[in-house]
There are 4 protein chains.
Amino acid sequence: MSKLKAGILGGTGYTGIELLRILGRHPSVELSCITSRSETGRPVADLFPSLRGVVSLDFTDPGDGALESCDVVFCATPNGIAMQHARSLLAAGTRLIDLSADFRLRDVAEWEQWYGMAHACPDLVPEAVYGLPEMFRESIRGARLVANPGCYPTSVLLGFLPLVEARLVKTDRLIADAKSGVSGAGRSAKTDHAFCEAGDSFKAYGVAGHRHHPEIRQGLGDLAGHAVGLVFTPHLVPMIRGIHATLYAQLDGAGSADLQALQALQALYENRYAGEPFVDVMPQDSHPDTRSVRGSNICRIAVHRPRDGNTVVILAVEDNLVKGAAGQAVQNMNLMFGLDETDGLDRVSLVP
Amino acid sequence: MSKLKAGILGGTGYTGIELLRILGRHPSVELSCITSRSETGRPVADLFPSLRGVVSLDFTDPGDGALESCDVVFCATPNGIAMQHARSLLAAGTRLIDLSADFRLRDVAEWEQWYGMAHACPDLVPEAVYGLPEMFRESIRGARLVANPGCYPTSVLLGFLPLVEARLVKTDRLIADAKSGVSGAGRSAKTDHAFCEAGDSFKAYGVAGHRHHPEIRQGLGDLAGHAVGLVFTPHLVPMIRGIHATLYAQLDGAGSADLQALQALQALYENRYAGEPFVDVMPQDSHPDTRSVRGSNICRIAVHRPRDGNTVVILAVEDNLVKGAAGQAVQNMNLMFGLDETDGLDRVSLVP
Amino acid sequence: MSKLKAGILGGTGYTGIELLRILGRHPSVELSCITSRSETGRPVADLFPSLRGVVSLDFTDPGDGALESCDVVFCATPNGIAMQHARSLLAAGTRLIDLSADFRLRDVAEWEQWYGMAHACPDLVPEAVYGLPEMFRESIRGARLVANPGCYPTSVLLGFLPLVEARLVKTDRLIADAKSGVSGAGRSAKTDHAFCEAGDSFKAYGVAGHRHHPEIRQGLGDLAGHAVGLVFTPHLVPMIRGIHATLYAQLDGAGSADLQALQALQALYENRYAGEPFVDVMPQDSHPDTRSVRGSNICRIAVHRPRDGNTVVILAVEDNLVKGAAGQAVQNMNLMFGLDETDGLDRVSLVP
Amino acid sequence: MSKLKAGILGGTGYTGIELLRILGRHPSVELSCITSRSETGRPVADLFPSLRGVVSLDFTDPGDGALESCDVVFCATPNGIAMQHARSLLAAGTRLIDLSADFRLRDVAEWEQWYGMAHACPDLVPEAVYGLPEMFRESIRGARLVANPGCYPTSVLLGFLPLVEARLVKTDRLIADAKSGVSGAGRSAKTDHAFCEAGDSFKAYGVAGHRHHPEIRQGLGDLAGHAVGLVFTPHLVPMIRGIHATLYAQLDGAGSADLQALQALQALYENRYAGEPFVDVMPQDSHPDTRSVRGSNICRIAVHRPRDGNTVVILAVEDNLVKGAAGQAVQNMNLMFGLDETDGLDRVSLVP
């Protein structure tokens, strides 16, 4: 079988270099082009020396037609760019996996409010499939346009999924206390993410409102079958990669009495994720650390049931650039093109 | 006025060196002795080169009688040691500030269960005053024996205090999602706290139970006037100093309707802490970072009121070794001896 | 005695905030104004929350005349700004301490080549005193205009000083392998100094040429009495503060035979720095770590004499923002105004 | 072809887990056993959760005979253990790759002095091949017993190799200023390598003498054809993985005049390493950072020629756990068993 021709729109950020790291060793993919307006003509390995000997492409202009000849294009651009290219790329027969937020919210008005711009192609939004395989695997297989989930939403949704799907918790007061490494903020220079500002310190941010809040609520609503209430508190951790979501929910509903025992909760999670190649439910009383998934596509989950009251605590970790971005995008590509879902995604976490 | 003679029992850990840093520049204190069984005879500045030129003492044996001649002794020992010295030191007329956990829990049986040993002097426990000046200032002034609070409890109690004291939130489902720098685990070598284990990673720990849980519950119970329900989730942050407590409570009760507006919440906190020298309520929509209190005795707090539901989110940061340990101990000493409460505690945070 | 009125020109960078940290607690200084064109009107403590309760000033416009009424002005501006203000401030009777590079090189042509601009007041350059007290204490006392040394030059010059001054090493092949924390690069946002770029990694930079090279050579030449040959290799360390200079020199000359023994070398350093309040020569076989001077004005030095050949290895550490910048500037101010040289500079290093 | 049966003697340290990471995905290797006296019976993935789903073995006792049935055994033990197993394993027909120092020094007396113990099998020392493929590739192919180089020696030798081999520098005054991440010190708990001790700080260590000094001198002597003089200064960097060697040599000898130009130096290095799969000579004026080789088997080198004098500066980076340990061991295994030298070693560096 001939290899898939893959292109990357906007390859100078962290999701771009991560796609290159993964696709550069994918057995069924030929990296065909990678674009950057600002770096056109520059060898990729000149900007990213870690790719010397791995990627021999130069950055090209996105308007030169190369993307249109690809089987699949990954959009690793800032928000608002992918939607400007989507129509023509789809028309050319290319399938799209958008790692930005352009097609994640089904409610276009809500999207426009949070992202502060008019949507360039609202008519394409309904067609976009939300690329969380553990929720939408079958739809992803047939999709032309996949909205790859945000990094926080991936961990929070996978963490809450079994409980909410089974209607076992109160959905009006879910709490997601989430912590992210600094790479989640992207590669562009900002004072807040300078080494001397983010290093050796810890803080919350965006408590009053964060763009991933509506995205998580949409996903939780899909699972619950109705709107949910969510408090989402993101924090910045002085580490490079990794998200740790600490999730709180109160047991409720018909079957919840059976879950008072931790064993039953544990079984619920193990059963739900039994066939999932990239979700690992740890044994009871575990505390996953983010480094255990550093560089890998795994989301690792532990289930806890503290003494006081009827609250369940779920711990979920992922590498925000892999399962939270580029790795999940490749997982989606594998599904869309009938490849083995794990192709190119067998890298072992880098520990220590 | 002659200077206070201060001694330190067990000075080789992080609270020990932090006491030396602060007391070494305190205008009314003469550092009289510092003990260590393992390092007896060794110059303090040999073990801690940062104290060269600041502290000229050698470590001495705790049994040589020097502690008994001090006006005040700080116990910076592992749990279980201070209680063995307390009776004789008090009998000698020395006043004690115990930075370990030996006298923090009024319920001796609960203490023995959590700390896994019999208490050496349960009769002294009722006399001990819990050294959180914002709650117990007047009692501290007259105390012979102060139980200096734990690092997590200080931030969690100061964060919840105005809400719980005013009976404005449901106290059966309080949540404290707390994050600590690695120095909270002390200076002794453990694999888990090695640079290559704790660095560039993030995890929760002790979710099933942590010794600070009963201590926080005791304090919250004092504020509420009845037992409370608390979920406490500690996490380890790859930074050296600092605790960030993210606190969740649901508004409830008579006056809580007035707090639906963020302005009223903000005013509640500002009023409660108006006269406190070491609690800083930030303006609305702030996100305190732990570095803003690095090396200082400040606890900095911000109040948030997210959209969904009726949950209040409080952010509280402190330096676990200062307001969470040695700084608060010196604050207590200042109160006990009629000094200005801020003496020796005017150091500005080290940023960046 | 009335307090000195001190102003800061350009206070939004790391040397600015560090001056505020030190001057905010200086017993003989009244902080009079701090300027910033971009932040005019904003409270200083709003930009730097760590200064809440310490500094109550707002940033003001540098052209509003307030600087001219100060007894002393610290220039904490990027290179090229101080020289534009120097003449008028001096004319107003203010004394200047320039923390930028504008007055450090006596050779104006060389300055213009390295800094890529014409010098605005070459006639003032000869008057400027290089503010390294250990070399030029007496001249500093009488100076109107002090060129505060660069961070690298301070550590490299203090490390080499006793050997070069005593004519005991070959001066045509000195090597300074220097390592700096990221704060040395300033507070402005640059991709290279982002947390995810500089974190968990190490590299050399500027090996082909660095602006501190001519500055160090000038100082070494002053010590040697003739031009010297120096290889200077700066490196970037994933830490916030601190410089570690590892210096290599080959023994040579009349007295050098006596130095073959480490004891003699050790004595040379101890004697030379015996009266210096801010240079600490450690005992033999020591390895100073940068954290031992974190936040303090100390330069800590260790002397080594490896087996092979006749090379001496000197280790020198400093906090680049204190002894390498703001602390040394305050030390110079103390000298210029007849204060105790250590006033305001007694802060103990923050360890851990 | 059937897979190689590989065993690991002593698998609980960082080189052990790194071998598992690499061998767990090696196309021609079946991981057969991994031993640990202290963890016998415990699943490997229980100790190292990052290996869940990758390694299904339990730790076994080294005396149970399983190692003897392997085609190749990697010794990832502390110094002094491999030499106790070597004779019996070789007698059983197993080939050995020792990642510890037991067989690195040909001079047994010198080894015994530095490592403080008697050598258990001095008769095997002459047979051991020093496993640096770029120097000894052909001998490695035929070896039964390979002494895998230390982490520092690998980077220093690869950095100096072209210059020394071609007799172009003075060999009596070579200087290696080397910097290592903390993982180089291993996984056992030591206070010095605790997060709060090694973090946010930088220091030299072992300046008076380090075990890698004789090993590097031996290798440089092999290259030079005679004994050399070397000053070796190791430093500890607050990062997890990575070594950066900054090397200084003075040009000398017949051909050195031609090297005054940087271009000639650059060509020397490019030519020498043209066919090497794991040495990457960067373009002129480059500064390799350690992260560019994080997790990969590459040693990346840049050549510099500063202005003053006739000193050459070489920068060489490697991942101390890969090219400096486990990766190089697998490279040696590939050579010993006639596999493609790069098998299992195609992982792309993890950046950021």
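Is Arg87(B) buried, partly exposed or exposed? I'll start there, and I should say at once that this is a predicted model. Arg87(B) has a relative accessibility of 42%, and partly exposed means between 20% and 50%, so Arg87(B) counts as partly exposed. To find this residue, look in helix H3 of chain B, which covers residues 82-91. Setting aside neighbours within four places in sequence, Arg87(B) is in contact with Ala120(B), Cys121(B), Asp123(B) and Leu124(B). Val228(B) is another matter: it lies 141 residues from Arg87(B) along the chain, and the two C-alpha atoms are 33 Å apart.

Now to chain A, and a helix with little exposure. In helix H1 of chain A, residues 14-23, 9 of the 10 residues are buried, so this helix is largely enclosed by the rest of the structure. The buried ones include Tyr14(A), Gly16(A), Glu18(A) and Arg21(A). What covers them? The cover includes strands E1, E2 and E4 of chain A, along with helices H2 and H10 of that chain. Chain C also takes part, through its helix H7, residues 195-198.

Staying with chain C, please look at helix H6, residues 151-165, and helix H9, residues 262-272. Their axes come within 10 Å and cross at roughly 110°. An angle of 65 to 115 degrees counts as roughly perpendicular, and H6(C) and H9(C) therefore fall in that class. On the H6(C) side, the residues that meet H9(C) include Phe160(C), Leu161(C) and Glu165(C). On the H9(C) side, Leu265(C), Leu268(C), Tyr269(C) and Arg272(C) take part. By class, this contact has 7 nonpolar, 1 polar and 2 charged residues.

Next, chain D and its sheet. There are 7 strands in an open sheet, in the order E3-E2-E1-E4-E5-E7-E6, and the pairing is parallel. At the edges are strand E3, residues 59-60, and strand E6, residues 129-130, each of which pairs on one side only. Further in, strand E1, residues 4-9, runs parallel to strand E2, residues 29-35, and 5 bridges join them. As for Ile8(D), its bridge partner in E2(D) is Ile34(D).

Last, how do chains C and D relate? A turn of 180°, with a shift of 0.0 Å along the axis, lays chain D on chain C with an RMSD of 0.0 Å. The two copies are thus related as by a two-fold rotation axis. The same surface serves both copies, as 100% of the contact residues of chain D recur in chain C. Within chain D, the residue that comes closest to the rotation axis is Pro238(D), with its C-alpha at 3.2 Å.

Methods: Residues are numbered from 1 along each chain as its sequence is written. Chains are lettered from A and ligands numbered from 1 in the order in which they are written. This is a predicted model: local features need pLDDT of at least 70, side-chain atom pairs count only at pLDDT 80 or more; totals for chains, interfaces and linings use all residues. Side-chain values use heavy atoms; hydrogens and water are left out. Copies are superposed by least squares on the C-alpha atoms of residues with pLDDT of at least 70 in both. Contact means heavy atoms within 4.5 Å. Two strands pair if DSSP finds at least two bridges between them. Helices (H or I, at least four residues) and strands (E, at least two) are DSSP runs, numbered from the N terminus. Buried means under 20% relative accessible area, exposed over 50%, partly exposed in between (1.4 Å probe, protein chains only). Axes are lines fitted to C-alpha atoms, for helices over the stretch in contact, and angles run from 0 to 180 degrees between N-to-C directions. Angles under 35 degrees count as roughly parallel, over 145 as roughly antiparallel, 65 to 115 as roughly perpendicular and the rest as oblique. Ala, Val, Leu, Ile, Met, Phe, Trp, Tyr, Cys and Pro count as nonpolar, Asp, Glu, Lys and Arg as charged, and the others, Gly among them, as polar.
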